[in-house]
Structures are given as C-alpha cells and as structure tokens.
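Thank you all for coming; please have a look at the structure on the screen, and I will then walk you through it step by step.

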Amino acid sequence: MVVDLIKHQCIGSQEELSALLEKAGFHVTQATLSRDLKMLRTTKVPTNRGGYMYILPDSDSLKDKLLTKGKLPRDANFQSGFISLTFSRNIAVIKTRNGYASGLAYDIDMSNAPEILGTIPGSDTIFAILREDVTHECAREVFSRILPLDQQAPSYKL
C-alpha cells in the first residue's frame, strides 16, 4: 500500500502518508512508517512547487541479482537519469537527473566492484570513491557495466 501511494501521489511528509494510510484503513505508528520508508530506500526530492515528495529507487530484484553477480547485460537500460561521469583523482563524480542519484548509487554499490570502495549520493550527484590504484580508464570500464556511458554528452577541456 505504501509503495502504491508513493508511486501515484505527491506525498511530502510522513504525516501525509500516515493520514492516507489511515483513510485506507491502515493504522501505523510514526516509528513503523519511518522504518518502512527506510527499508524501501525512499528519497525526498524537491518539487517544482517548492515542496518535497517521496520517490522510490528505480530498482527491482532481478536487476539486483544481476548486479550482484556482475552479469547485468551491457544493453540493459534499467536506470534512466544518468547525465555524466567525470573524475578527480580517486573520486568519480556522477551527475543524474534530480532524484535519481540514490537509486543509481545503490546499483553501483550492489555491483560489488572491487575497484569502487563506496558511494555517497545526493539528490542529483554521486561521489564514488575509487581504490587508490584504479585508473580512470579502468573505472570507466567498471561504470560502463552499470551506466549508459555511450549516452553521455562529450566533455570539453578549457
């Protein structure tokens, strides 16, 4: 029920969600709702009306299994929202559409690539920390298994 409500309505707070659940006949405590939202890996993103709304990551169990085993087909386009990938020493900076960073960071972490120590997502940016000895070319190859790098706009040096 929580997933359906988040997918089909603009819900900006736990209080709003709780009221909608109550209206549907489900009484939940704030603590339970908070745990459920965390378990679902929801993210709050800004709306164009100045408020916020919950979104769910773009993820499913088949994709998670393929990522974990390193067998995600190169032509699989599960994740939309990727914009660009750039590097600064051992940090990869991944730009996404607003609200997509958390789900994409989850995908990167689920890939268990030994070259990537971990990710820190924001709303539209991900910092991925690379092992010290990983070249940018090697990292680009690792990310190409997850990101549609061929769709990235070319970058130019000034």
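Let me begin with a question: is R131 exposed, partly exposed or buried? R131 is partly exposed, with a relative accessible area of 31%, where buried means under 20% relative accessible area, exposed means over 50%, and partly exposed lies in between, for a 1.4 Å probe and protein chains only.

Before going on, I should say that this is a predicted model, in which local features need pLDDT of at least 70 and side-chain atom pairs count only at pLDDT 80 or more, while totals for chains, interfaces and linings use all residues. Residues are numbered from 1 along each chain as its sequence is written, and side-chain values use heavy atoms, with hydrogens and water left out.

R131 forms a salt bridge with D133, the closest N and O atoms being 3.0 Å apart, and a search of the whole structure finds 1 salt bridge; the term stands for a side-chain nitrogen of Lys or Arg within 4 Å of a carboxyl oxygen of Asp or Glu. The partner, D133, is exposed, with a relative accessible area of 56%.

Turning to the overall layout, the chain has 6 helices and 6 strands, taken as DSSP runs numbered from the N terminus, with helices being H or I of at least four residues and strands E of at least two. Of the 158 residues in the chain, 38% are buried.

Strand β5, residues 116-121, pairs with strand β6, residues 125-130, in the antiparallel sense over 5 bridges, and pairing here requires that DSSP finds at least two bridges between the strands. The two strands, β5 and β6, form a hairpin with 3 residues between them, and P121 stands opposite I126 in β6.

Now to the interior. The largest nonpolar core has 21 residues, and those with the most contacts inside it are L85, I94, I108, I116 and F143; such a core is a set of buried Ala, Val, Leu, Ile, Met, Phe, Trp, Tyr and Cys residues joined through side-chain atoms within 4.5 Å. Elements that each supply at least two residues of this core are β3 (82-88), β4 (91-96), α5 (101-110), β6 and α6 (136-144), and α5 gives the most, with 4 residues.

If we leave aside its neighbours within four places in sequence, I116 is in contact, meaning heavy atoms within 4.5 Å, with I108, A128, I129, L130, V142 and F143.
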